[in-house]
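Reader: I should like to go through the terms used to describe this structure and hear the grounds for each. Please set every value against its criterion.

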Amino acid sequence: MTSAADLLRVEGLRITFSVLGGEVEAVRGANFRISPGKVTALVGESGSGKSAISQAVMGILPSVAKVSGRVLFNDTAAGAKPVDLLSLETDGSEIQEIRGARISKIFQEPMTSLSPLHRIGNQISEVLQIHTDADKAERRARTEELLGDVGFANPKRAYDMYPFELSGGMRQRAMIAMALICRPALLIADEPTTALDVTVQAQILQLLRELQSKLNMAMLLITHDLGVVANMADEVVVIYHGDIVEAGPVDAIFRNPQHPYLKGLMAAVPHFDMKPGERLKALREVPVKAGTLLGRQGATKATGPDVLVSVRNLCKTYSTRSSGWFGSGSTSRHRAVDDVSFDIRRGECLGLVGESGCGKTTVSKILMRAVTPDQGSVTFDDGEGAVDVLKLDGAELKALRAKIQMVFQDPVSSLSPRMTVKNILSEPLEIHGRGNPKSRVETVRSLLQAVGLDQRFINRYPHSFSGGQRQRIGIARALALVPQLLICDEPVSALDVSVQAQILNLLKDLQKELGLTMLFISHNLAVVDYMADRIAVMCAGRIVELAPREVLMRNPVHPYTKSLLAAVPYPDLDRKLDFDSLQASGGSDQRQWGAQFSDGGEENALFPADLGGGHYVLARKSADARELRL
Amino acid sequence: MLRYILWRIAVMVPTLLIISALVFTIIELPPGDYFESYIAELRAQGEGVDMEQIESLRQQYGFDQPPLLRYIYWVGGMLQGDFGYSFEYELPVGEVVGDRLWLTILVSFFTIIFTWIIAFPIGIYAATNQYSWGDYGLSLIGLIGIAIPNFMLALILMYFANIWFGTSIGHLMDQKYLSEPMSWAKAKSILEHIWIPVIIVGAAGTAGMIRRLRANLLDELQKQYVVTARAKGLSPTRTLVKYPLRMALNFFISDIGSILPAIISGAEITAIVLSLETTGPMLIKALQSQDMYLAGSFLMFLAFLTVIGVLISDLALAVLDPRIRLQGRSTK
């Protein structure tokens, strides 16, 4: 293919941001091309400059950015001459005509990229209003047609809905409709599925793929997820710290990676074919010295009963009242946690998997006594006698709090920006009256050492740390009180792949050396597979399947588990997603399940069936094990 | 929604009752009553006091009754439209306030319009040209506007008006029209006078609104959906008007709640300095002389306007923002 046929050529693109105290070079002389009708993936971690490139192409960089180089857009389909997009006047009429009509973009956050005050249809048909002469009725007809194409069951109704009335996946579909309504020559998708659940991600990828080939448009797919790349891309461009380090067809990149960064990135992703005991190779490994904590831990590591936490029949119902303009509102009750029972064994890591809204976080909050369940019991037994967690109060509750600690998802908002690392890490000790000021500082130092942070950081504030470092501070804080049970609620989902491996290895090492018991909550099956000994799968408030890790991964029984596993994109060209077998409703729709797994609208119709070897699956009482294995 | 409105109106009743009790208590708190202040004033002027006449007045207005009974009389009277008797003016409260109320509303109405007309373009300009010279300059003027007390500005303006034009800018109309009924000449005279108090009273409000509009709009301009609109190919001006400005208006609507009471009570001190025939100076004087029915009625009226204002702004927000209207109040 000659260069004249390239749809977009980026030549010597430099982007600098002027910030307080100097300039930051985000992109340093990038060169790449996008062929018409092909999917080009731009891969890199956060801060590598990949989003800045896409903004430069659209001319929507923030005003503090300076750009040089050339971005040639050769839109032969529209009969236009090649034009250097960077030479066009900022927000001038020429670039405005290209934006939305010939080049359009979908963003990472479907929640915030649509205006909450305007109806979906209004926002989509606005693109037609800008770029075409279509009258109002025609705009509405075309918008509704496209809404149907992107998967809205009732486009007429969707047209008049507001974004907040839709789920994240449906909002992203509306965004896609908005980007495609003028049939652009190039679609820029900036992390289009990062904020979505895995089954929804698979559907959106499938939709993008279909529309891309149907409209024969080129796509620039910006992502950090190599699994997405392997399933979508024709060509790959790898960017690292503003430099393009590798570019080429997807086959060459995956089968024969050259650059050390790319090789490292591939080794840092957890995947399902890992041998037991195999470690992820973090790009920057952090040495763990948990030994400094062992002295204190040793005493409490006394042998106790086999089961540390026993959860029985937990239920929690939230009621939502929706009020109409007239008359009384209707109250809808939502069972966030529905008859959940499981045990966490001493020293094991129990993985809890499920999509957003399935109730996994509510379960963890009940264990922490942050949410009170409607019924059920939680028994905690660390060898000093079993206690009913839900009935404790006063001093006993305070004593229990020291034994169960939590690591949160968002490393930014879970640390107070007004406290130094020393304050953050010694606060739990102060609350529980452990030691004196001097010994607390000692403990803080050993904690920092244990999570692989430099002791000189002790007086710094959280903002001076990277995401991965902050998450390590969060882990150190959870370890400060020497807990028996560590609850990790999506501890790596806000982190880059390379940092994710670091944190996972850290948690794994700490668990091994300190003999911690962990409840590891995640929506990412590959991550849970890497961490957990046993895995529980949650769907719509219920645990649908619980089994040892290998059994669940190799031999899943419940249709929901199967659909979750089928939706994970592998960073492997030989195991692409089977888009045809994906269920349109995302796998959590009971009607798609076999009769033996569906309660058919009856109460108490389902119970956990024992398949042997600690493998339980939620099914009808009448179904026998052979029937379930089908 | 209808149920919500009815509920809100029902809640207003206990709210106003509690406020009336508070108002009554506060007026009762200082030692003595109007007649004692009156006696002290007469004595200070060296005049004799007819104690018998005072006693009979006291009895006539129930000042010898226990406070609880007087409170009930007062509230009961207000419900029937009888706001009591002003001792100071020796007239029923309704008649004392009458004319001044309309003038006050007139001044406040023009002030609000003035504030909006000036603040909106400047606020939008300052937000869209952040850190430009224009933004800095307008912000400086705005901050000065907030920092200078209104009455100070009034004094300065009066001084220069006197020096440069040789005119006095006090009052809301020529003094000869003061007690005359409304006529074309009177209306003309009012319009000639009214712009000075409007500018003075509006200065701080305008400056404050510029700052708030700028801050709100700056927040909204950072949002992702603004980038989305630009990526559609929408021109910067249309983007601004359709998306971030609409979002930034929420604060503006919430403001209505506080504007209504400010219409009546606003700018008392400025009104005194400029000798305006508005209600502000009257309220202050009534409080000073313990003219309790006049003061109490004023305070109750302000409370009533506040409650109504908040209701109006809440309903307007529900109409304009679908999130407030449609999102169920979920209990979490």
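Author: Let us begin with a residue of chain A in this predicted model. Leaving aside neighbours within four places in sequence, Val10(A) is in contact with Ala30(A), Asn31(A), Phe32(A) and Val71(A). Val10(A) belongs to strand β1 (residues 8-19) of chain A.

Reader: What makes Val10(A) count as buried?

Author: The criterion is 20 or more other C-beta atoms within 10 Å. Val10(A) has 25 C-beta neighbours inside 10 Å, and therefore counts as buried. In addition, the C-alpha atoms of Val10(A) and Asp84(A) are separated by 9.5 Å, although the two residues are 74 apart along the chain.

Reader: Which annotated domain is placed on chain A, and at which residues?

Author: An unreviewed UniProt entry places the feature "domain: ABC transporter" at residues 8-266 and 309-565 of chain A. In the model, the span 8-266 of chain A is 37% helix and 27% strand, and its end C-alpha atoms lie 28 Å apart.

Reader: Why are α3(A) and α4(A) called oblique to each other?

Author: Helix α3 (residues 120-131) and helix α4 (residues 136-149) of chain A pack at an angle of about 120°, with their axes 9 Å apart. Roughly perpendicular covers 65 to 115 degrees and roughly antiparallel begins over 145. The angle of about 120° falls between these classes, so the pair is oblique. The crossing is right-handed. On the side of α3(A), the contact is made by Gly121(A), Ile124(A), Ser125(A), Leu128(A) and Gln129(A); α4(A) contributes Arg139(A), Arg140(A), Arg142(A) and Thr143(A).

Reader: How do you know that α16(A) is largely enclosed by the rest of the structure?

Author: Twelve of its 13 residues are buried, and α16(A) is therefore described as largely enclosed. Among the buried residues are Gly468(A), Arg470(A), Ile473(A), Ala476(A) and Leu479(A). As for its length, helix α16 (residues 467-479) of chain A reaches 19 Å from its first C-alpha to its last, close to the 18 Å expected at 1.5 Å a residue.

Reader: What is notable about the phi of Ala540(A), and where is the residue found?

Author: Phi of Ala540(A) is near 50°, a positive value in a residue other than glycine. Most residues other than glycine have a negative phi. Ala540(A) sits in the loop between β19 (534-539) and β20 (542-548) of chain A. Its 18 C-beta neighbours inside 10 Å are the reason why Ala540(A) counts as partly exposed, since buried requires 20 or more and exposed 12 or fewer.

Reader: Why is Ser275(B) called partly exposed?

Author: Ser275(B) has 14 C-beta neighbours inside 10 Å, and therefore counts as partly exposed. Ser275(B) lies in the loop between α12 (268-273) and α13 (279-288) of chain B. The phi of Ser275(B) is positive, at about 50°, although the residue is not a glycine.

Reader: What secondary structure does chain B have, and what does the record say of its transmembrane regions?

Author: Chain B comes to 15 helices and three strands. An unreviewed UniProt entry places the feature "transmembrane region" at several spans of chain B, including residues 5-27 and 194-213. Residues 5-27 of chain B are 100% helix, with end C-alpha atoms 33 Å apart. Residues 194-213 of chain B are also 100% helix, with end C-alpha atoms 27 Å apart. Buried residues make up 29% of the 332 residues in chain B.

Conventions
Residues numbered from 1 in each chain as written. Chains lettered and ligands numbered in written order. Predicted model: local features only at pLDDT ≥ 70, side-chain atom pairs only at ≥ 80, totals over all residues. Helix = DSSP H or I, 4+ residues; strand = E, 2+ residues; numbered from the N terminus. Expected span 1.5 Å × (residues − 1). UniProt positions renumbered as here; feature names shortened; annotations may be inferred. Axes fitted to C-alpha atoms, helices over the stretch in contact; angles between N-to-C directions. Parallel < 35°, antiparallel > 145°, perpendicular 65-115°, else oblique. Left-handed = near helix turned anticlockwise from the far one by under 90°. Contact = placed C-beta atoms within 7 Å.
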